[in-house]
Protein chains: 2
Amino acid sequence: MTATKKRRREPPRSYHHGDLRRSLIEAALELLAEEQNWNFSLREVARRARVSHNAPYNHFADKQQLLAAVAASGFLTLRDRMRRAIEGVDRPDAALVKTGVVYVRFGIENPAFYKLMFGSVLGSGEAERPEDLVKAADAAKSILTEIIERGASSAVFPRLRNDPKRIQLAALAAWSIVHGFTMLAIDGLADGLPRRAFNAAAEQVAQTFANGLKASPFQSENKENTRV
Amino acid sequence: MTATKKRRREPPRSYHHGDLRRSLIEAALELLAEEQNWNFSLREVARRARVSHNAPYNHFADKQQLLAAVAASGFLTLRDRMRRAIEGVDRPDAALVKTGVVYVRFGIENPAFYKLMFGSVLGSGEAERPEDLVKAADAAKSILTEIIERGASSAVFPRLRNDPKRIQLAALAAWSIVHGFTMLAIDGLADGLPRRAFNAAAEQVAQTFANGLKASPFQSENKENTRV
DNA sequence: CGAGAATGTAGGCGGTGTCAACATAGAGGG
DNA sequence: CCCTCTATGTTGACACCGCCTACATTCTCG
C-alpha cells in the first residue's frame, strides 16, 4: 500500500503502474476536454498514460466501459458540486434554485463531458449499462430528491404533501427541466437568450420551478398539478 | 430528369446512382435503428447503398456530415409529426399538450435517432454546425413558438401578454422540459414511473406546463414567473 | 520463498476513415 | 452529332484503430 502511494506521486517508473485505472480515466478526461468529443482512440488514451496500447484492457473490457467510467466520474463530481453549493442552505426552495444553477453551469462549462455522461449510456437496452454508472447517476439525482423531500415534509412545498409518488414526479420534473435547458444551451439552440445570460436564465428557470412547488394547490382543471 | 426518376424506381443498374445522397441517409437510418447507435462505419453505409466505399465522399465531406444530414432529417420528420398532430386543433393550450406528447413519444420510440439529433451536433464550437441542421432544428422549434405566440395573442396564455421576450423564454422552457423528460426517459433514469406510464406522464408534464402558462399572473415573489 | 494472480508488453488481424488517381456517364455548346 | 467538361463512381493505398493471443514482469500471500 505504501508502495502504491509512493508510485503515484513520483513519475511512474516501474513495470507496474500503480493506479492505471485512474490514470486512464484522467487521460480520457483530458482528451475529452481538448477535442470536445469522445472520438479519441483507446490507443491514444493509453499513450497519454504512458502505457502500451493493450494495458487498458486489464481494467476495461472495451472502450465503451472506459467511457462509462468517465461518465460515472462526471456524475459524482456533479453531485459533489451540488452538495457543496447547498451546504448551510436551510430553506429547501433556495437550495433547489442553487442546485439548478450549479447543475446548468456544470453542463455549460463542460459540454462534451456533460454530453458524454448521457450519450455513452445509449445502446444499452437496459442491462448493458454498467452498474457504477447507474449508481453515480442516482447519486446525483438523489440530491434533488432529498431537497424536494425536505421541502415536502416541512410544508415549504405544500403541493407535494408527503405523497411519495408526487415527490418522485417532482424530482423527475425538476431534473427534466434542468437537463433539457442544459442540453439546449450546450447545443446553442437557446437563441432567445442574450448569449451571456445563461446564468441568469438558469436561475430564472430554477426559481420558477421552485415557485411552482411552493404555490399552494389551488388549480382546478387537472387534479395532477403536482409539479413544474 | 425523367431519366433520373426512372433510375430511382428500377434497381439502380447503371454506373451513376440517381439519388445516392438520399440512399445513404436512408441506409444510415436503417443501421441506426438496427444497432441503436451510430458507431456503424461509413463503409457499411456505402455497402448498404450498393456503392463503393468512397462514393459517399461525393456527397458528404466526412462521416460527421452524413450524421448531421441524418439528424436534420430527424428534426424535419419530428416537425411534421407535431404539425400533423395539431391539425384542426384550435385551442393553443390543447395544441401545446398534443405537441408535447407527440414529441416525447417520438423520442421514446426512436431513442438512438433522437439522441443522434442532439448528440452529433457536438464538437462544433458554433460555426462547424452545418446550416441545414440548424435550420431543421429551428423548424421544429418554431412549431412550439407558433403555438405559444398564438396563445399569447389570444389571451389564452395571459402571463405572456405579447411580450416577445417572455414568449421566447416560454418556448425555450417548453422545449427544455419536454426535451429533458424525453432524454431521461430514454436513458431509463425516470425510475419513479411505472415503466409503461410514459405516455401518461408525458401528457401530465405537457398539461402542467400548459396550465402554468394559462394561469393568470398572480404570484408575488418573483416578477419573472413567466413560464413553467 | 515460490507459485499463481495481476498487470504489463509485443505483435497481428480485419476493419476503418480518408486521400489520390482513374473511369464512366450525362449535359451542353461547337 | 460529336466532343469536351463536370459530376459522380471505382480502385487502391496508407495510417490508424479496436481487440485478440501469446508472452513478460511484478506483487501477493500461503
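Contact here means that heavy atoms lie within 4.5 Å of each other. The model described in this report is predicted.

## Buried residues of chain B

In that sense of contact, B:Asp93 touches B:Val156, B:Phe157, B:Ala210 and B:Lys214, leaving aside residues up to four places away in sequence. B:Asp93 itself belongs to helix 5 of chain B. Its relative accessible area is 5%, so B:Asp93 counts as buried.

A second buried position is B:Leu31, whose relative accessible area is 0%. B:Leu31 forms part of helix 2 of chain B, which spans residues 20–35. When residues up to four places away in sequence are not counted, B:Leu31 touches B:Gln36, B:Asn37, B:Phe40, B:Glu44, B:Val45 and B:Arg48. Of these partners, B:Val45 is 14 residues from B:Leu31 in sequence, and the two C-alpha atoms are 7.7 Å apart in space.

## Helices 5 and 6 of chain B

Helix 5 of chain B covers residues 92–109, and helix 6 of chain B covers residues 111–119. The axes of these two helices come within 5 Å and cross at roughly 105°. This angle makes helix 5 of chain B roughly perpendicular to helix 6 of chain B, because angles of 65 to 115 degrees are classed in that way.

On the side of helix 5 of chain B, the contact involves B:Tyr103, B:Phe106, B:Gly107, B:Ile108 and B:Glu109. They meet B:Pro111, B:Phe113, B:Tyr114, B:Met117 and B:Phe118 in helix 6 of chain B. Sorted by class, the contact between helix 5 and helix 6 of chain B has eight nonpolar residues, one polar residue and one charged residue.

## Overview of chain A

Chain A has nine helices and zero strands. Of its 228 residues, 50% count as buried. Among the contacts in chain A with a separation of 6 or more, 68% come from residues 24 or more positions apart.

## The loop after helix 2

A:Gln36 is found in the loop between helix 2 and helix 3 of chain A. Although A:Gln36 is not a glycine, its phi is positive, at about 55°. A:Gln36 is partly exposed, with a relative accessible area of 25%.

In chain B, B:Gln36 lies in the loop between helix 2 and helix 3. B:Gln36 is likewise a residue other than glycine with a positive phi, near 55°. The relative accessible area of B:Gln36 is 28%, so this residue is partly exposed.

## The surface near DNA strand D

DNA strand D is surrounded by 24 residues, and the closest are A:Leu42, A:Arg43, A:Asn54, B:Ser52 and B:Asn58. Of the atoms of DNA strand D that come within 4 Å of the protein, sugar and phosphate account for 58%.

By class, the residues of the surface near DNA strand D divide into seven nonpolar, eleven polar and six charged. Helix 3 of chain A, residues 42–48, gives the most to this surface, with three residues.

The table lists protein atoms that lie by phosphate oxygens of DNA strand D.

| Residue | Protein atom | Distance to a phosphate oxygen of DNA strand D |
|---|---|---|
| A:Ser41 | polar side-chain atom | 2.8 Å |
| A:Arg47 | side-chain N or O atom | 2.8 Å |
| B:Ser52 | backbone N or O atom | 2.5 Å |

B:Ser52 thus appears both in the table, through a backbone N or O atom, and among the closest residues to DNA strand D.

Key. Residues are numbered from 1 along each chain as its sequence is written. Chains are lettered from A and ligands numbered from 1 in the order in which they are written. This is a predicted model: local features need pLDDT of at least 70, side-chain atom pairs count only at pLDDT 80 or more; totals for chains, interfaces and linings use all residues. Side-chain values use heavy atoms; hydrogens and water are left out. Axes are lines fitted to C-alpha atoms, for helices over the stretch in contact, and angles run from 0 to 180 degrees between N-to-C directions. Helices (H or I, at least four residues) and strands (E, at least two) are DSSP runs, numbered from the N terminus. Angles under 35 degrees count as roughly parallel, over 145 as roughly antiparallel, 65 to 115 as roughly perpendicular and the rest as oblique. Ala, Val, Leu, Ile, Met, Phe, Trp, Tyr, Cys and Pro count as nonpolar, Asp, Glu, Lys and Arg as charged, and the others, Gly among them, as polar. A residue is near a molecule or strand if one of its heavy atoms lies within 4 Å of it. A polar contact is a pair of N or O atoms within 3.5 Å; within protein, one must be able to donate a hydrogen and the other to accept it, and residues adjacent in sequence count only if both atoms are side-chain atoms. Buried means under 20% relative accessible area, exposed over 50%, partly exposed in between (1.4 Å probe, protein chains only).
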